[in-house]
Amino acid sequence: MTIASVLDALGDRGSEGLHTIPASATVAEAVDAMAQNEIGALVVNTEDRLLGGIFTERDLMMRVVKPGLDPKKTPLSLVMTRDIQAVTPGTTLEAALALMYVHRFRHLIVMDGPHLHGIVSMRDLAYHLIRHGEGRFEASIRLAGGPGT
């Protein structure tokens, strides 16, 4: 199983539903967009419309709330994660999960060269693995009738 299969299963939550925001936007604007779309991360674009980074719920808590910054006055460019790790659509689920575990990410950007395909969360990958996995573990969860099975 690859990341491409996860993006296909996500449908409009994959590349078509990819939510981006300019780096010049405020944290408050990002929080509004995340809440309105019920998502945990936004792709942040530079003024040249290039990938500038990612803004996540963890960034909000650790870089805005904890130090007491004003979300209405703080631009995303000051608090977003710039050093991102991306995967390609051909990356296996196991490799993506390992990358997320090692680097303590909950979201991964999916890119192929300059083309941005989407963003996947650890939850997306775990759900896809359980739902479509072929191992004994996945089968036992499906038999137990866990959520979404």
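Start by selecting strand E4 and strand E5 (residues 107-112): 2 bridges join them, and the two strands run parallel. As you look around, keep in mind that this is a predicted model.

**Stop 1: the sheet around E5**

For one bridge, highlight Val87; its partner in E5 is Val110. Now add strand E6 to your selection. E4, E5 and E6 form an open sheet of 3 strands in that order, with mixed pairing. The edges are E4 (86-87) and E6 (115-121), and each of these pairs on one side only.

Next, show helix H5, residues 93-103. Which strands does H5 lie across? You will find H5 across E4, E5 and E6, running at about 130° to E5.

**Stop 2: the sheet around E2**

Move to residues 41-45, which make up strand E2; 3 bridges join E1 to E2, and these strands run parallel. To pick out one bridge, select Pro22 and its partner in E2, Asn45. Bring in E3 as well, and you have an open sheet of 3 strands in the order E1-E2-E3, again a sheet with mixed pairing. Why is one side of E1 and of E3 left without a neighbour in the sheet? E1 (20-22) and E3 (51-56) stand at the edges and each has a single partner strand, so one side of each stays free of a sheet neighbour. Turn the view and compare strand directions: on average, neighbouring strands here are turned by 35° against each other, direction ignored.

**Stop 3: two helices that cross**

Now select helix H1 (residues 3-10) together with helix H6 (residues 122-132). Their axes come within 10 Å and cross at roughly 95°, which means that H1 is roughly perpendicular to H6. To see who makes the contact, show the side chains of Ile3, Ser5, Val6, Ala9 and Leu10 on H1, then Asp124, Leu125 and His128 on H6. Colour them by class and you get 5 nonpolar, 2 polar and 1 charged residues.

**Stop 4: Thr74**

Finish in the loop between helix H3 (57-65) and helix H4 (76-79), where Thr74 lies. Is Thr74 buried or exposed? Its relative accessible area is 8%, so Thr74 counts as buried, the limit being under 20%. Zoom in on its side chain: a polar atom there lies 2.7 Å from the backbone oxygen of Asp70. Then show what surrounds Thr74. Leaving aside neighbours within four places in sequence, Thr74 is in contact with Ala25, Thr26, Val27, Leu69 and Val79.

Technical notes:
Residues numbered from 1 in each chain as written. Predicted model: local features only at pLDDT ≥ 70, side-chain atom pairs only at ≥ 80, totals over all residues. Heavy atoms only, no water. Pairing = 2+ DSSP bridges. Helix = DSSP H or I, 4+ residues; strand = E, 2+ residues; numbered from the N terminus. Axes fitted to C-alpha atoms, helices over the stretch in contact; angles between N-to-C directions. Parallel < 35°, antiparallel > 145°, perpendicular 65-115°, else oblique. Contact = heavy atoms within 4.5 Å. Nonpolar A, V, L, I, M, F, W, Y, C, P; charged D, E, K, R; others polar. Buried < 20%, exposed > 50% of the residue type's maximum accessible area, 1.4 Å probe, protein only. Polar contact = N/O pair within 3.5 Å; in protein donor to acceptor, adjacent residues only side chain to side chain.
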